[in-house]
Amino acid sequence: MNPIRRGTSDDFWLIGANVKLTPNIDTVWGGDAYVIDETWAAYDENHMHGSHVYGVPLSEVNADLGVVVQKLEEDRRNEKNKVSVKGYLSWKELPQDRRDVRRLITSIARERKLRTAESDIDTVAFIGANEQLFQRRWRQADWYWADFVFEWIFLSGLVLFALWPGIRRFSSVGWGLHVACLPFLFRLPVYLGYAVMTLTSAGPSGGVLYPYLLLMFRGGSCTSFDERLLKYTPQILEPLSAPIGSPMALTGFGFLGPTSAIFHGLCYGGLLIAASYTCQYLAHRRHRFTSSSAQDVSHE
């Protein structure tokens, strides 16, 4: 669930410069490489439902720069029209003190955009949007600790709310009211924008433990009233859930709207109250029958 995974220098250079440092390294569907700051380099690796973000210490990437340059020189002799080679040649024209990892990756990315623009200019805009999304995901990952705090408070409060009738020795009506509220309260974070993608084929995502719990209760449907209500519901918890990238395909698995959640809760609470009163009624009748039988035996 961590929005930033630990990556490798091999994968960074494969995605950023199309250079294989290890012969048996797995190929990827695509992605982009970045130098974030003086400490970190990063890349995203595409998959069917979005992309994974990986971070690599810049020191590890710098350590392989010499080998990468050597391999690009070999490619230059064989494939001069290769995008990575053209980017490398542009980088090689820079002064010696400016030939670093950041400028090499940027130069190759620029050549890739120019090559793409020749065939489909609209794709260049898509690449730019993905770059902005990556920067947003990287910044948002700094707040991942807030997911732990939020879920600990929310799930602890939900458990306490569910057990409160027993702690305070409420009647069956009190138990029923609390049970009636649970389906809506459990899904309330989703209605406010938290871990929404868990309800699709991209899930679980966007949290710590809550998305896995949500998987157990996904499904359902929304009414037209639900859709209008959720349209104007502020997504105040959305910043806590890191984006999943740009999915190639996405399938929804159903979404239980607020009115449906409230209706289900009322049904569960009503059944609990009815079952409680039924048990009390049967216990009372059994007690009366037992008392009546005992009196009959004493009279005989």
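Buried here means under 20% relative accessible area. The model in these views is predicted.

**View 1. Helix α1 is mostly covered.** Of the 9 residues of α1, 8 are buried. They are Ser9, Asp11, Phe12, Trp13, Leu14, Ile15, Gly16 and Ala17. Asn18 follows the helix, and its phi is positive, near 55 degrees.

**View 2. Phe12 and the largest nonpolar core.** This core holds 23 residues. Phe12, Trp13, Tyr43, Val61, Val68, Val101 and Leu104 touch the most other members. At least two core residues come from each of α1 (9-17), β2 (31-35), β3, β4, α2 (58-63), α3 (65-78), α4 (83-92) and α5 (101-119). Leaving aside residues up to four places away in sequence, Phe12 touches Ala17, Ala33, Tyr34, Ala41, Ala42, Tyr43, Val61, Val101 and Ile105. A second core, separate from this one, has 13 residues. Leu155, Tyr194, Leu214 and Leu237 are among them. In soluble globular proteins, nonpolar side chains tend to be buried together.

**View 3. Strand β4 and its two pairing partners, β1 and β3**. Strand β4 covers residues 50-57, and 7 of its 8 residues are buried, so the rest of the structure largely encloses the strand. Strand β1 (residues 4-6) pairs with β4 in the parallel sense over 3 bridges. Here Arg5 has Tyr54 of β4 as its bridge partner. Strand β3 (residues 40-47) pairs with β4 in the antiparallel sense over 8 bridges. Here Ala41 has Val56 of β4 as its bridge partner. β3 and β4 form a hairpin, with 2 residues between them.

**View 4. The salt bridge of Glu60 and Arg6**. The structure holds 6 salt bridges. In this one, the side chains of Glu60 and Arg6 meet at 2.7 Å, N to O. Glu60 lies in helix α2 and Arg6 in strand β1, so named parts that are distant along the chain, 54 residues apart, are linked. Glu60 counts as partly exposed because its relative accessibility is 32%. Side chains of opposite charge can pair when their charged atoms come close.

**View 5. A salt bridge within helix α3**. Arg76 forms a salt bridge with Glu73, and their closest N and O atoms are 2.9 Å apart. Both residues lie in α3, 3 residues apart, about one turn of the helix. An α-helix has 3.6 residues a turn, so residues three or four places apart point the same way. Why does Glu73 count as buried? Its relative accessibility is 13%, and the cut-off for buried is under 20%. Arg76 is partly exposed, with a relative accessible area of 26%.

**View 6. The salt bridge of Asp100 and Arg103**. The closest N and O atoms of Asp100 and Arg103 are 2.9 Å apart. Asp100 is partly exposed, with a relative accessible area of 28%. Arg103 also counts as partly exposed, at 31% relative accessibility. Elsewhere, salt bridges that share partners join Glu73, Arg76 and Lys92 into one network.

**View 7. A nonpolar surface patch.** Val159, Leu160, Leu163, Trp164, Ile167, Phe170, Trp175 and Leu272 make a nonpolar surface patch of about 710 Å². Which helix gives the most to the patch? Helix α7 (residues 144-167) does, with 5 residues. Trp164 lies in this helix, α7. Trp164 counts as partly exposed because its relative accessibility is 34%.

Methods
Residues are numbered from 1 along each chain as its sequence is written. This is a predicted model: local features need pLDDT of at least 70, side-chain atom pairs count only at pLDDT 80 or more; totals for chains, interfaces and linings use all residues. Side-chain values use heavy atoms; hydrogens and water are left out. Patches are made of residues with over 30% relative accessible area and no salt bridge: like charges are joined within 9 Å, nonpolar side chains (Val, Leu, Ile, Met, Phe, Trp, Tyr) within 5 Å. Accessible areas come from the Shrake-Rupley method with a 1.4 Å probe; for residues, only the protein chains shown count as cover. A salt bridge is a side-chain nitrogen of Lys or Arg within 4 Å of a carboxyl oxygen of Asp or Glu. Helices (H or I, at least four residues) and strands (E, at least two) are DSSP runs, numbered from the N terminus. Buried means under 20% relative accessible area, exposed over 50%, partly exposed in between (1.4 Å probe, protein chains only). Two strands pair if DSSP finds at least two bridges between them. A nonpolar core is a set of buried Ala, Val, Leu, Ile, Met, Phe, Trp, Tyr and Cys residues joined through side-chain atoms within 4.5 Å. Contact means heavy atoms within 4.5 Å.
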